[in-house]
Protein chains: 2
Amino acid sequence: MPEPTLARLSHYLRCLRQLAAEGVQTVSSAAMEARLSIPSTQIRKDLSHFGEFGRPGIGYDVQHLLEHLTEIMRLDREQRAVIVGAGNLGSALLGYGGFVNSPFRIVGIFDNNFSKIGRPLWNLEIQDVHRLPELNKELGADIGIVAVPAAAAQEAADMLVEAGVRAILNFAPAVINVPKDIAVRDVDVTREMEILSFHIKRADDAEEAE
Amino acid sequence: MPEPTLARLSHYLRCLRQLAAEGVQTVSSAAMEARLSIPSTQIRKDLSHFGEFGRPGIGYDVQHLLEHLTEIMRLDREQRAVIVGAGNLGSALLGYGGFVNSPFRIVGIFDNNFSKIGRPLWNLEIQDVHRLPELNKELGADIGIVAVPAAAAQEAADMLVEAGVRAILNFAPAVINVPKDIAVRDVDVTREMEILSFHIKRADDAEEAE
DNA sequence: ACTTGTGAAGCATTTCACAGCC
DNA sequence: GGCTGTGAAATGCTTCACAAGT
């Protein structure tokens with residue numbers, strides 16, 4: 001399954017949820033292109049990887065496609081996650097409103113800083129990261145979120161692996177090594193800023209060229 | 001210039017900074033592969049887009065390559081950014097430690113919520129988002145960060161465009177439309193979680209198959 | 001007439017293989 | 001012997017073109 005297809009599925013879901021909320025019954029790939037700026041042929045090809053959902057001459061049934069994609073991505077069941085790192089970022093993620101109407105639920109937050117352990121944060125209490133493997137037997141999180149500085153990222157990842165998570169979302173600007181059956185996605189704000197910095201360049205160059 | 005190459009440049013920079021800090025003089029593409037898990041041929045091909053930096057039989061001069069790449073990405077000068085949205089996320093970004101030893105500096109934070117405007121946040125004061133175009137004449141930010149809910153994302157982006165930014169980092173889970181000479185990068189935590197959710201699936205399936 | 005699904009073509013990126021240099 | 005830079009081959013993804021369905 002192509003990784004780019006997977007990333008776009010998330011866009012399709014967002015679009016379909018919105019359409020469903022608007023009470024729209026049917027949608028064509030061309031109509032989705034208008035909303036998402038993803039070519040209609042791309043949309044059809046992506047969806048064709050999972051089956052035949054559309055009807056020629058009509059389009060896709062919004063509700064039906066929404067349910068199918070939700071199931072394919074396993075978003076029809078609760079997905080529990082734990083956060084390692086109770087700093088700014090960990091705290092912001094825990095309080096993030098984007099998870100309220102989603103299957104994702106943060107069930108634990110951990111840190112290695114003794115002055116933080118035991119303190120309440122939002123609806124949880126910060127736990128000792130060394131107890132993560134033990135406590136996750138109860139918590140049952142499949143997803144681990146690394147929200148620690150780069151220097152501590154590998155250690156945090158190791159602890160999550162030991163705790164039995166199947167997937168890791170890594171916010172630290174560092175490469176983390178994990179067994180190959182564990183999925184990792186990196187989110188690196190600094191990297192995104194650096195890429196933007198490069199793109200700005202071209203506009204500057206045009207100015208300098210005058 | 002291939003977009004994937006650009007994204008990897010950021011990894012090379014991080015690696016080189018670390019090597020420089022360790023006092024390493026020279027590094028081979030094979031040695032970088034060991035640290036970054038990026039194939040050495042890929043590294044060489046990427047670097048070859050910008051010139052010939054290495055010496056056969058020796059490798060790359062760490063300091064020299066670091067300086068070159070830093071310049072290529074325009075990270076040798078201050079890059080000012082403003083944030084729109086003073087909620088959890090905006091606040092976390094403003095307090096984010098990752099920018100301390102970097103060229104990025106957040107010079108303003110804006111919101112449309114009257115109860116927030118005028119309040120101090122870290123080292124700044126929250127400003128009215130409607131004054132963004134006017135105030136950015138002074139602030140001079142080239143980068144805008146969208147840290148508002150999805151429903152307000154387009155409006156925030158419009159305001160940033162009017163304020164004259166050349167690049168936008170969008171944290172809202174929404175498509176934003178901007179003039180094509182303005183670079184946009186999306187960071188969508190929910191999307192990343194959804195992709196991980198899909199990948200977890202395979203492990204579950206194996207279990208279910210028994 | 002309108003729209004899907006899909007093989008085939010086209011394009012982009014990665015990987016290979018090796019000539020040339022230290 | 002070790003390493004870079006790079007054409008060429010291989011792979012992967014996107015776009016095209018159109019047959020088939022409504």
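**Two protein chains on two DNA strands**

A phosphate oxygen of DNA strand C sits 2.7 Å from a polar backbone atom of Ser29(A). The model is predicted. This pair of atoms is a good place to enter it.

Stay with strand C. Ser29(A) belongs to a group of 25 residues around this strand. Those that come nearest are Ser29(A), Arg44(A), Tyr60(A), Arg8(B) and Pro56(B). Both chains are therefore represented among these nearest residues, given that a residue is near a strand if one of its heavy atoms lies within 4 Å of it.

What part of strand C does the protein meet? Sugar or phosphate supplies 66% of the strand C atoms within 4 Å of the protein, and bases supply the rest. Two base contacts come from chain A. A polar side-chain atom of Arg44(A) is 2.8 Å from a base nitrogen of strand C. The side chain of Lys45(A) places an N or O atom 3.3 Å from a base oxygen of strand C.

Now look at the elements behind this surface. Chain A contributes α3, β2 (54–55) and β3 (59–61), each with at least two residues. Chain B contributes α1 (3–21) and α3, again with at least two residues each. By residue type, the surface near strand C has nine nonpolar, seven polar and nine charged members.

Turn to the other strand. DNA strand D also has 25 residues around it. Which of them come nearest to strand D? They are Arg8(A), Ser29(B), Arg44(B), Gly54(B) and Tyr60(B). Of the strand D atoms that come within 4 Å of the protein, 64% are in sugar and phosphate.

Three contacts show what the protein offers strand D. Arg8(A) uses its side chain: a polar atom there lies 2.8 Å from a phosphate oxygen. Pro56(A) uses its backbone, with a polar atom 3.0 Å from a sugar or linking oxygen of the strand. Gly57(B) turns to a base, and a backbone N or O atom of this glycine lies 3.2 Å from a base nitrogen of strand D.

The elements that give two or more residues to this surface are again drawn from both chains. From chain A come α1 (3–21) and α3 (40–48). From chain B come α3 (40–48), β2 (54–55) and β3 (59–61). The residues near strand D divide into eight nonpolar, eight polar and nine charged.

How are the two chains related? Chain B superposes on chain A, with an RMSD of 0.1 Å, after a rotation of 180° with 0.0 Å of shift along the axis. That is why the relation is one of a two-fold axis. Within chain B, Ala92(B) has the C-alpha nearest this axis, at 3.1 Å. Both copies use the same surface: 100% of the contact residues of chain B recur in chain A.

Return to Ser29(B), one of the residues nearest strand D. Ser29(B) is part of helix α2 (residues 29–36) of chain B. Is this serine buried or exposed? Its relative accessibility is 9%, so Ser29(B) counts as buried. Its side chain makes a polar contact of 3.1 Å with the side chain of Arg44(B). Leaving aside residues up to four places away in sequence, Ser29(B) touches Ser40(B), Ile43(B), Arg44(B) and Tyr60(B). Arg44(B) and Tyr60(B) are also among the residues that come nearest strand D.

Next comes helix α4 (residues 62–72) of chain A. At its start, a side-chain oxygen of Asp61(A) reaches to within 3.3 Å of the backbone nitrogen of Gln63(A). Six names make up the buried set: Val62(A), Leu65(A), Leu66(A), Leu69(A), Thr70(A) and Ile72(A). They lie on the same side of α4(A), because they cover an arc of only 160° around the axis.

After α4(A) the chain reaches Arg74(A). This residue lies in the loop between α4 and β4 (79–84) of chain A. Most residues other than glycine have a negative phi. Arg74(A) is not a glycine, yet its phi is positive, at about 60°. Arg74(A) has 9% relative accessibility and so counts as buried.

Chain B has its own Arg74(B), in the loop between α4 (62–72) and β4 (79–84). Phi of Arg74(B) is positive too, near 60°. With a relative accessible area of 8%, Arg74(B) is buried.

Note on methods. Residues numbered from 1 in each chain as written. Chains lettered and ligands numbered in written order. Predicted model: local features only at pLDDT ≥ 70, side-chain atom pairs only at ≥ 80, totals over all residues. Heavy atoms only, no water. Least-squares fit on C-alpha atoms with pLDDT ≥ 70 in both. Contact = heavy atoms within 4.5 Å. Polar contact = N/O pair within 3.5 Å; in protein donor to acceptor, adjacent residues only side chain to side chain. Helix = DSSP H or I, 4+ residues; strand = E, 2+ residues; numbered from the N terminus. Nonpolar A, V, L, I, M, F, W, Y, C, P; charged D, E, K, R; others polar. Buried < 20%, exposed > 50% of the residue type's maximum accessible area, 1.4 Å probe, protein only. Arc of directions from axis to C-beta.
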